[in-house]
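Could you walk me through this structure, starting from the inside and working out to the ligand and the helices at the end? A plain tour in paragraphs would be great.

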Amino acid sequence: MSDLKAEQLKNIHERWLKDCECELKKVATQGVPGHGNPEAEIVFIGEAPGKDEDKIGQPFVGAAGKFLNEMLLSINLKREDVYITNIVKYRPPGNRDPLPQEVEFCAKWLEEELQTIKPKLIVFLGRHALQHFFPNEKISAVHGKILKKKMKIGDTFFALYHPAAALHNGSMREVLMSDFKKLPKAIEKIS
Ligand code: URA
């Protein structure tokens with residue numbers, strides 16, 4: 001079963017790396033597909049690759065990723081237990097916000113990833129991921145909360161501030177770490 005999903009994900013990434021028509025492809029070093037456990041119960045969705053991710057080709061391997069690893073450990077999870085991906089799979093120049101058209105181009109790719117993994121819980125890391133699926137919600141209002149909506153990709157979601165936003169902001173760091181600790185209960189509720 002695990003091999004099947006891994007095979008399907010590999011196929012999805014190979015296809016999209018070849019066919020995605022996102023303009024960012026021309027300026028990025030490489031595409032950064034999702035990475036992690038194909039059998040994960042939790043999928044984290046970030047915004048877009050940064051400098052380190054663009055160089056290495058894996059999501060959340062820079063400073064924000066290190067902080068994410070720390071928070072995972074705080075709830076007894078390792079990177080190998082979860083799956084991590086981004087709304088946009090190519091680095092926007094200078095780490096600017098992704099444009100709506102760029103999000104649009106990668107959206108089908110993300111949808112395929114999620115429909116293959118079928119996680120119990122989808123966690124948004126930051127407002128870009130949140131607002132792609134919940135355009136009317138504000139991260140300041142829904143962080144640390146479960147969101148419910150029936151969609152092809154799943155029906156239970158959880159919103160967190162983006163780890164990069166909390167890196168140099170002590171109070172946001174506290175909020176994010178405390179929201180993160182609510183994840184095990186959120187998963188328990190679904191199970
Ligand atoms: N920030 C993101 O949103 N995604 C990454 O992969 C890295 C940093």
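What follows is a tour of a predicted model, taken one region at a time.

Let's start with the nonpolar interior. As a general matter, nonpolar side chains tend to be buried together in soluble globular proteins. Here the largest nonpolar core has 34 residues, and those with the most contacts inside it are I45, I87, L114, F124, L130, F133 and L147. Two or more residues each come from α1 (2-19), β2 (42-46), α4 (100-117), β4 (121-125), α5 (127-133), α6 (139-142) and β6 (154-160). The most generous contributor is α4, with six residues. For a closer look, try L114: setting aside neighbours within four places in sequence, L114 is in contact with V43, I45, P119, I122, F133 and I153. There is also another core lying apart from this one, made of 23 residues, and F44, L68, M71 and F180 are among them.

Now for the ligand. The residues around it are G46, E47, A48, P49, E53, P59, F60, N86 and H162. Some polar atoms come within reach: a backbone N or O atom of A48 lies 3.0 Å from a nitrogen atom of the ligand. F60 also uses its backbone, with a polar atom 3.0 Å from an oxygen atom of the ligand. H162 uses its side chain instead, where a polar atom lies 2.8 Å from a ligand oxygen atom. How much of the ligand's accessible area does the protein cover? On its own the ligand has 240 Å² of accessible area, and the protein covers 92% of that.

Two of the ligand's neighbours are worth a stop. F60 sits in the loop between α2 (51-56) and α3, and F60 counts as buried because its relative accessibility is 6%, with the cut-off for buried being under 20%. Its backbone stands out too. Most residues other than glycine have a negative phi. F60 is not a glycine, yet has a positive phi of about 50°. The other neighbour, N86, lies in strand β3 and is buried as well, since its relative accessibility is 2%. Not counting residues up to four places away in sequence, N86 touches I45, G46, E47, A48, P49, P59, F60 and L110. Among these contacts of N86 is I45, which you met above as one of the residues with the most contacts inside the largest core.

Past β3 (83-86) comes the loop that leads to α4, and several residues there deserve a look. Is K89, which lies in this loop, buried or exposed? K89 counts as buried, because its relative accessibility is 0%. Its side chain makes a polar contact of 2.9 Å with the side chain of T85. Leaving out residues up to four places away in sequence, K89 touches Q30, G31, V32, P49, C106, W109, L110 and E113. N95 is in this loop too, but N95 counts as partly exposed because its relative accessibility is 43%. Like F60, N95 is a non-glycine residue with a positive phi, in this case of about 60°. R96 is also found in the loop, and R96 is partly exposed, given its relative accessibility of 30%. Beyond its neighbours within four places in sequence, R96 is in contact with L24, E47 and E102.

Finally, the helices α8 and α9. The buried residues of α8 (residues 170-180) are L176, D179 and F180. Seen down the helix axis, they fall within an arc of 100°, so they line one face of α8. What covers these buried residues includes β2, α3 (63-74), β6, α7 (163-166) and α9 (183-190). The face of α8 turned away from the buried side carries the exposed residues G170, S171 and E174. As for α9, its buried residues are L183, A186 and I187. These fall within an arc of 95° seen down the axis, so they also line one face of their helix. Residues three or four places apart in an α-helix point the same way, because there are 3.6 residues a turn. On the face of α9 turned away from its buried side are the exposed residues K185, E188 and K189. The cover over the buried residues of α9 includes β2, β4, β5 (146-151), β6 and α8.

Note on methods:
Residues are numbered from 1 along each chain as its sequence is written. This is a predicted model: local features need pLDDT of at least 70, side-chain atom pairs count only at pLDDT 80 or more; totals for chains, interfaces and linings use all residues. Side-chain values use heavy atoms; hydrogens and water are left out. A nonpolar core is a set of buried Ala, Val, Leu, Ile, Met, Phe, Trp, Tyr and Cys residues joined through side-chain atoms within 4.5 Å. Buried means under 20% relative accessible area, exposed over 50%, partly exposed in between (1.4 Å probe, protein chains only). Helices (H or I, at least four residues) and strands (E, at least two) are DSSP runs, numbered from the N terminus. Contact means heavy atoms within 4.5 Å. The arc is that of the directions from the helix axis to the C-beta atoms. A residue is near a molecule or strand if one of its heavy atoms lies within 4 Å of it. A polar contact is a pair of N or O atoms within 3.5 Å; within protein, one must be able to donate a hydrogen and the other to accept it, and residues adjacent in sequence count only if both atoms are side-chain atoms. Accessible areas come from the Shrake-Rupley method with a 1.4 Å probe; for residues, only the protein chains shown count as cover.
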